[in-house]
Amino acid sequence: MVILTRIVVSLPPPSLHFSPSSVSMADLKSTFLKVYTVLKSELLEDPAFEFTDDSRQWVERMLDYNVPGGKLNRGLSVIDSYKLLKEGKELSEDEIFLASALGWCIEWLQAYFLVLDDIMDNSHTRRGQPCWFRVPKVGIIAANDGVLLRNHIPRILRKHFRGKPYYVDLLDLFNEVEFQTASGQMIDLITTLEGEKDLSKYTLSLHRRIVQYKTAYYSFYLPVACALLMAGENLDNHIEVQNTLVEMGTYFQVQDDYLDCFGNPETIGKIGTDIEDFKCSWVVVKALEFSNEDQKKVLYENYGKPDPANVAKVKALYNELNLQAVFAEYESKSYENLVNSIEAHPSKAVQAVLKSFLAKIYKRHK
């Protein structure tokens, strides 16, 4: 099999038996997970570092704990997007492997952000288990693990894409998106500085900047950009695609903000804490926009306080302002604008990619 030539000699070859033409979603996920095993094994045998048994075990445990645990939507969407760009042509095993490897690079990037994010936010749980830095004996070593996760990405790219004409573009893309995401995180962190809580700073333009940089580029644009590069496209010719995906990422985060407050915790899998955490949420920004002076006073006195009584007052005000209806109107307008910008794109294949992204998030409940 073509795919096995990519495995370092000392590894037992994983069995990747599938027919590329008839890969179902379940098959795609299991194939994707097998590629993780290959990439992990390669990293644990990286000749640039002399591993001891202890260090190899540490890295393997750290990777298994942090990289493959999420929904894998970002990674899988590289393969989905590439398939749509190939307009029904059967993908070779090599193409499936390479698209999967790029998908995993995004999952590695996500893991790196989350490991460090959890330390900065002093969080307790992530994906239903203790944050990595909360695991006994890990502690602040997690900061270096984050750096390691980030450094695994160019190792993977070098091993599998070095001979490709788009190799430098891939490196450039990951560097650019990482810079944008870290800058978005910085705006978010300095906005919620303890002792400097100021609701008057919270505007739609600030919210948009945080969301665009912190979430939209790496979650929405990056998977499609990877697929476009693999398909031989020049990203400079696809600025409109980037703009549409950033709009989609903004819409996605507004949904997230809305669900944090109004969603069913059993459906969304977490109890929302944006009010307690003084988050620059779309919901509070709209509340400020529609409030009279008395209502603003309620927000200023209660937003960002951990006491359930304060939270209840904020939620009561949100209901009084009928923010559910405000969100419903925002959602239908956003959807309409996104569909129009997608249908204006000259390529049917690119339209299909963008429509598949939109279909996954429109009117979601979790």
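What follows is a chat between a learner and a teacher about reading this model.

Me: What kind of model is this, and how are its residues numbered?

Reply: This is a predicted model, where local features need pLDDT of at least 70, side-chain atom pairs count only at pLDDT 80 or more, and totals for chains, interfaces and linings use all residues. Residues are numbered from 1 along each chain as its sequence is written, and side-chain values use heavy atoms, with hydrogens and water left out.

Me: How many helices and strands are there in the protein chain?

Reply: Helices (H or I, at least four residues) and strands (E, at least two) are DSSP runs, numbered from the N terminus. Here you get 14 helices and two strands. The radius of gyration, taken over C-alpha atoms, can be set against the globule rule, 2.2 Å times the number of residues to the power 0.38. For this chain the radius is 22 Å, close to the 21 Å that the rule gives for 366 residues, so the chain is as compact as a globular protein of that length.

Me: What share of the residues count as buried?

Reply: Buried means under 20% relative accessible area, exposed means over 50%, and partly exposed is in between (1.4 Å probe, protein chains only). Of the 366 residues, 51% count as buried.

Me: Ile156 in helix α5: is that residue buried or exposed?

Reply: Ile156 is buried, with a relative accessible area of 3%. Helix α5 covers residues 141-161. For its neighbours, think of a contact as heavy atoms within 4.5 Å. Leaving out residues up to four places away in sequence, Ile156 touches Leu39, Leu43, Ala101, Cys105, Trp108 and Phe161.

Me: Which residues line the largest cavity?

Reply: First, the idea: on a 1 Å grid over the protein atoms alone, a cavity is a set of points where a 1.4 Å probe fits but cannot get out, while a pocket is an open set with protein on both sides within 12 Å along at least five of seven lines. Lining residues have an atom within 4 Å of a point. Grid points are joined across faces, edges and corners, and a volume is the space filled by probe spheres set on the points. The search finds three cavities of 30 Å³ or more, and the largest cavity holds about 100 Å³. Its lining includes Tyr65, Asn66, Asp118, Arg127 and Trp132. The largest share, four residues, comes from α4.

Me: And where does the lining of the second largest pocket come from?

Reply: That pocket has a volume of about 370 Å³. The elements giving two or more residues to its lining are α6 (167-191), α7 (204-230) and α8 (239-262), and α6 gives the most, with six. Of the 18 lining residues, Asp172, Leu173, Tyr221, Leu235 and Asp236 lie nearest the centre of the pocket. For classes, Ala, Val, Leu, Ile, Met, Phe, Trp, Tyr, Cys and Pro count as nonpolar, Asp, Glu, Lys and Arg as charged, and the others, Gly among them, as polar. This lining divides into nine nonpolar, four polar and five charged residues.

Me: What is the phi of Arg127?

Reply: Most residues other than glycine have a negative phi. Arg127 has a positive phi of about 55° although it is not a glycine. You'll find Arg127 in the loop between β1 (125-126) and β2, partly exposed at 33% relative accessibility. Asn322 also has a positive phi of about 55°, and Asn322 sits in the loop between α12 (308-320) and α13 (323-343).
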